[in-house]
Amino acid sequence: MNSRPFSAACERNKEPILAILREMLADKTRVLEIGSGTGQHAVHFARYLPHMLWQTSDLPGNHPGILAWMEAEPLCNVLPPLALDMNDPSWPAGPYDAVFTANTCHIMSWQQVQAMFRGIGRILAKDGVLCIYGPFNYRGRFTSASNARFDAMLKEQAPHMGIRDMEAVNELAREQGLAMLSDFEMPANNRLLVWRRC
Ligand SMILES: C[S@@+](CC[C@H](N)C(=O)[O-])C[C@H]1O[C@@H](n2cnc3c(N)ncnc32)[C@H](O)[C@@H]1O
């Protein structure tokens, strides 16, 4: 068995996220996860949302780790990762009735976030839902001192990274015909934003 990458943050946030996904994805069947990372979220959510087919995806460098989690926790409703890079306009055909992504908007450049929404606009079915987890700013302000420190650390690492404004992200969603359903406050100054395709 390959050694598995491990994210302590995923272990901490997977239960609070799952509690909301249970409700938001109750009547959905086919989800595309963008930026699956270690693969921990995928196997956990797929295990507890057995009515869903969970399609993982990420940059190819993360595929071995995702596959290692899939091998360690065999489930028939998780699909091996697709190579999906926001710099590349080729996306899976879809349609999907849900898209999930966690902790990606502040890692991708703003241009990549814009590309992500354009792609979601192409593959998300009518009445499909988009769930985005991570830290967000509101009206240009950090929601906590720790988020401000995190943002500074990201920008030091790479100037294209940084915590996004919820309003700017919501505007990208609106341009794709998505209406915001909910904005959940999550532990550790994170949010779970949910939209529905009209
Ligand atoms: C902070 S990690 C989050 C991983 C996982 N979703 C989680 O919550 O632990 C950011 C993820 O975004 C992915 N990512 C970064 N740039 C990307 C791009 N251009 N296209 C697709 N995914 C990208 C990374 O490969 C990584 O898996």
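## Second largest pocket

In this predicted model, the lining of the second largest pocket is made up, by class, of eight nonpolar residues, six polar residues and one charged residue. These belong to a lining of 15 residues, and those that lie nearest the centre of the pocket are Ala-9, Arg-12, Tyr-133, Ala-188 and Asn-190. The space that lies in this second largest pocket comes to about 320 Å³.

Two helices deserve mention here, since α1 and α5, the latter spanning residues 145-157, each supply at least two residues of the lining of the second largest pocket. The largest share of that lining comes from α1, which contributes four residues.

## Largest pocket

The largest pocket of the model has a volume of about 530 Å³, and its lining consists of 24 residues, with Gly-35, Asp-58, Asn-103, Thr-104 and Ile-107 lying nearest its centre. When the residues of this lining are divided by class, twelve are polar, nine are nonpolar and three are charged.

Among the elements that supply at least two residues each to the lining of the largest pocket are α1, which covers residues 8-24, and β1, which covers residues 30-34. Of the contributions to this lining, the one from α1 is the greatest, at three residues.

## The part played by α1

Taken together, the two linings share a contributor: α1 gives the most to the lining of the largest pocket, with three residues, and α1 also provides the largest share of the lining of the second largest pocket, with four residues.

Notes. Residues are numbered from 1 along each chain as its sequence is written. This is a predicted model: local features need pLDDT of at least 70, side-chain atom pairs count only at pLDDT 80 or more; totals for chains, interfaces and linings use all residues. Side-chain values use heavy atoms; hydrogens and water are left out. On a 1 Å grid over the protein atoms alone, a cavity is a set of points where a 1.4 Å probe fits but cannot get out, and a pocket is an open set with protein on both sides within 12 Å along at least five of seven lines; lining residues have an atom within 4 Å of a point. Grid points are joined across faces, edges and corners, and a volume is the space filled by probe spheres set on the points. Ala, Val, Leu, Ile, Met, Phe, Trp, Tyr, Cys and Pro count as nonpolar, Asp, Glu, Lys and Arg as charged, and the others, Gly among them, as polar.
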